[in-house]
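Colleague: Please take one part of this model and walk me through it slowly, from the strands at its centre to the helices and loops around them. I would like to see how the pieces fit together.

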Amino acid sequence: MNKQLRQAVIAGNWKMNKTRPEAKALIEDLKPIAANATCGVVICVPYTNLETAIELTKGTNIKVGAENVHFEKSGAFTGEISADMLTEMGVEYVIVGHSERRQYFGETDETVNKRTKAALNAGLKTIICVGEMLDEREKGITEEIVGMQTKVALLGVTAEQLKNVIIAYEPVWAIGTGKTATAEQANEVCSFIRQTVAKLYSQADADALTIQYGGSMNPKNCAELLAQPDVDGGLIGGASLKAADFGVLLEAASK
Ligand code: PGA
């Protein structure tokens, strides 16, 4: 069973939520709940919460990630944060190419590729988000879109670096909408991404790659989604903001 060749990872994506005291409270609640998880546990938090999160999760199984990273090493890029700034703090993960960055902040496949390379070169574990819009699914071009996003994001990424990559399949129409892809739809696209990666690298590399599903995953639908052969965990928005809900997802991914 190929699923055993890779680790399931549940990553929270807090987005623009939680002040520092709120972050502290959520992490304190999460620590005992996450302690028994055998899946990977990651919380990607706003920059302002990184230091708090790193401090509070020391010695636990919870890893900390940022939600974005700039591709240049340093310089006149007002408002941006570099990969070195993150690693120096002890940040281990970063999300790149989230659909909200693509939709609202002009992120393109090319900038996703640049951010991916900068993050990997700095030693960050990189969660690359891909996913089609509703009209693209309706036009029947989901595979073309997701295939292109995957290929361009990975341009120049070596097989060795791929070991630090997670791909998150997040259909844009399912994010924050309460509409989840069916387990079959999620598995179909995750499996397609794996085949795409197998062609670019090797079957063994593709079999070892963690591919998450994201988009309204919650305590009710997680068991079915996470049981799919090509779904290795999830990238979780709304349900990562409540420790009890996140805990149900961790338990499901630890089976
Ligand atoms: P959601 O967000 O779980 O709230 O749909 C997922 C994401 O955007 O990563």
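Modeller: What follows starts with the sheet, moves out to the helices packed on it, and ends with a few single residues in the loops. Please keep in mind throughout that this is a predicted model.

The sheet is a closed barrel of eight strands, which follow one another in the order E1-E2-E3-E4-E5-E6-E7-E8 and pair in the parallel sense. Neighbouring strands of this sheet are turned against each other by 25° on average, if direction is ignored. As general background, the strands of a sheet pair through backbone hydrogen bonds, and they may do so either parallel or antiparallel.

The strand I would look at most closely is E1, which covers residues 9-13. Five of the five residues of E1 are buried, so the strand is largely enclosed by the rest of the structure. In a regular strand the side chains alternate between the two faces of the sheet. You can follow such a pattern in E1, where Val 9, Ala 11 and Asn 13 point one way while Ile 10 and Gly 12 point the other way, and all of them are buried. E1 runs parallel to E2, and five bridges join the two strands; within this pair, Ile 10 stands opposite Val 41 in E2. On the next step along the barrel, E2 (residues 40-44) pairs with E3 (residues 62-66), again in the parallel sense, over four bridges, and here Ile 43 stands opposite Val 64 in E3.

Now move outward to helix H12, residues 243-253, which lies across E1, E2 and strand E8 (233-236) and runs at about 160° to E1. Its buried residues are Ala 243, Phe 246, Gly 247, Leu 249, Leu 250, Ala 252 and Ala 253, and these pack against E1, H1, E2, H11 and E8. An α-helix has 3.6 residues a turn, so residues three or four places apart point the same way.

One of the partners of H12 is helix H1, residues 20-34, and the two pack at an angle of about 30° with their axes 9 Å apart. Because angles under 35 degrees count as roughly parallel, H1 is described as roughly parallel to H12. On the H1 side the contact is made by Leu 26, Asp 29, Leu 30, Ile 33 and Ala 34, and on the H12 side by Ala 243, Ala 244, Phe 246, Gly 247 and Leu 250. The crossing of H1 over H12 is right-handed.

The loop between H1 and E2 holds Cys 39, and this residue ties several of these pieces together in the picture. Cys 39 has a relative accessible area of 6% and is therefore buried. Leaving out residues up to four places away in sequence, Cys 39 touches Gln 7, Ala 8, Ile 10, Leu 250, Ala 253 and Ser 254, and among these Ile 10 belongs to E1, whereas Leu 250 belongs to H12. The C-alpha atoms of Cys 39 and Ser 254 are separated by 5.0 Å, although the two residues lie 215 residues apart along the chain.

Two other loop residues deserve a careful look at their backbone. Lys 15 sits in the loop between E1 and H1, and its phi is near 55°, a positive value in a residue other than glycine. Ser 216, in the loop between E7 and helix H11 (222-226), also has a positive phi of about 55° without being a glycine. With a relative accessible area of 21%, Lys 15 is partly exposed, whereas Ser 216, at 19%, is buried; the two labels fall on either side of a cut-off, because buried means under 20% relative accessible area.

Elsewhere on the barrel, helix H9 (residues 183-200) lies across strand E5 (125-130), strand E6 (165-169) and strand E7 (210-214), and runs at about 145° to E6.

A last stop is Glu 107, which lies in the loop between helix H4 (99-104) and helix H5 (109-121). Glu 107 is buried, with a relative accessible area of 7%, and its side chain makes polar contacts with the side chain of Thr 111 at 2.6 Å and with the side chain of Arg 115, also at 2.6 Å.

Technical notes:
Residues are numbered from 1 along each chain as its sequence is written. This is a predicted model: local features need pLDDT of at least 70, side-chain atom pairs count only at pLDDT 80 or more; totals for chains, interfaces and linings use all residues. Side-chain values use heavy atoms; hydrogens and water are left out. Buried means under 20% relative accessible area, exposed over 50%, partly exposed in between (1.4 Å probe, protein chains only). A polar contact is a pair of N or O atoms within 3.5 Å; within protein, one must be able to donate a hydrogen and the other to accept it, and residues adjacent in sequence count only if both atoms are side-chain atoms. Two strands pair if DSSP finds at least two bridges between them. Axes are lines fitted to C-alpha atoms, for helices over the stretch in contact, and angles run from 0 to 180 degrees between N-to-C directions. Contact means heavy atoms within 4.5 Å. Angles under 35 degrees count as roughly parallel, over 145 as roughly antiparallel, 65 to 115 as roughly perpendicular and the rest as oblique. A crossing is left-handed if the near helix is turned anticlockwise from the far one by less than a right angle, and right-handed if clockwise.
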